[in-house]
Amino acid sequence: MKQVTVSAPGKLMLLGEHAVLYGRPCIVTAINQRITVTASLDAKPLFTLSAPDVQIENYQKPLNQLGKGDIPKGARFVEMALYNFYNNYNRYTKKSGVRVTTQSEFSSWFGLGSSSASAVCVIKALSELSGIKLDKPAIFNLAYKTILAVQGKASGFDAAASVFGGTLYYISPGKTIEPLNIDCLPLVIGYSGVKADTVTLVNQVAEKARKNPQAVESIYDNIGKLVQQAKLAILSKDWPKLGKLLNNNQLLLEKLGVSSNRLDDIISAARSSGAYGAKLSGAGGGDCMIALYSPEGKLAVSKAIKSAGGQIIDIKTNAEGVRIEK
Ligand code: PMV
């Protein structure tokens, strides 16, 4: 049976979260830890999924039931990606069944985009298996549709990072996807030990905006402005400037109410140990924080993050986007 293995990187939001849902830009980078998906066609019209990292073993569904009924959490992105692929392209393809196995180099608890990367992989794998060659923008569009179907509201920044790789200046919904031509960024990543729920936080911010539209809009505007400055600072490798912008972004996220005591503690420990700047990354409430270190400063920043209760995640930024492995 025809089989293909593809992989896609996870992501790290650098600046601009939340505001990116409301038309402002963000900067996201692809990380060197990847999701790998192996897919093969099945003569029976069945979808079979094994995703041991998220406790899914031999989950099965007839193709005509895709997207229907109760879908276990760990299977949602893969099943909806498949559903979207068949919905868009079944006029070209005989609907044969498919077996999918996913494997992750990082825990889905870190909030580093394992779900969107798995959706991207599934779409790329199906395009290879069915002979319908999709280019990167087409893969992005289907992956974004998938994330919207599962999450309700989403900017698509994570799918952009998984598909295109590198470090991107991004405006939703894929209106601008601009690669920033740089190397790996000098960042330490600390996991707060708490799993964040993106949908809850997005709703919380939306509720705040409903009650106080002007104040929240002006926070979004300020985030948008600093993201533009950050883009220039990144391109010119002006790390002290970028550090200040990370700190300002964190302040604005605190005003939106999405930081947490735990994140605040880890972030201030990183700053006190000499980091140029630090902030939460992603929806907030938990997940990861990032700290930009000065030359020679990496060890001190890592130690400070650890002593404040953070877990260091050893990753490099600016990784390659989705690719075929074999
Ligand atoms: O929680 P994460 O890492 O998926 O990041 C969410 C970022 C938001 O801007 C809050 C949502 C989005 O889709 O852009």
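The legends below describe close-up views of a predicted model, taking the ligand and its surroundings before the enclosed cavity.

**View 1. Residues around the ligand in the predicted model.** The ligand is surrounded by 13 residues, of which Lys11, His18, Ser155, Thr198 and Ala283 come nearest. Sorted by class, the shell around the ligand consists of six nonpolar, five polar and two charged residues. The space that the ligand takes is the largest pocket.

**View 2. Polar contacts to oxygen atoms of the ligand, made by His18, Ser155 and Thr198.** In the side chain of Ser155, an N or O atom is 2.6 Å from an oxygen atom of the ligand, and for the side chain of Thr198 the corresponding distance to a ligand oxygen atom is 2.8 Å. His18 takes part through its backbone, with an N or O atom that lies 2.9 Å from an oxygen atom of the ligand. On its own the ligand has 380 Å² of accessible area, and the protein covers 95% of this area.

**View 3. The cavity found in a search of the whole structure.** That search finds one cavity of 30 Å³ or more, and the volume of the largest cavity is about 40 Å³.

**View 4. The lining of the largest cavity.** Leu14, Leu15, Leu185, Leu187, Ile234, Leu242, Leu246, Ile290 and Leu292 line the largest cavity, a lining made up of nine nonpolar residues with no polar and no charged ones. At least two lining residues each are supplied by strand E1 (3–15), helix H7 (239–256) and strand E10 (288–292).

How values were computed
Residues numbered from 1 in each chain as written. Predicted model: local features only at pLDDT ≥ 70, side-chain atom pairs only at ≥ 80, totals over all residues. Heavy atoms only, no water. Near = heavy atom within 4 Å. Polar contact = N/O pair within 3.5 Å; in protein donor to acceptor, adjacent residues only side chain to side chain. Areas by Shrake-Rupley, 256 points an atom, 1.4 Å probe, with all protein chains shown as cover. 1 Å grid on protein atoms, 1.4 Å probe; cavity = no way out; pocket = protein on both sides within 12 Å on 5 of 7 lines; lining within 4 Å. Sits in = over half its atoms within 2 Å of the grid points. Nonpolar A, V, L, I, M, F, W, Y, C, P; charged D, E, K, R; others polar. Points joined across faces, edges and corners; volume = space filled by probe spheres on them. Helix = DSSP H or I, 4+ residues; strand = E, 2+ residues; numbered from the N terminus.
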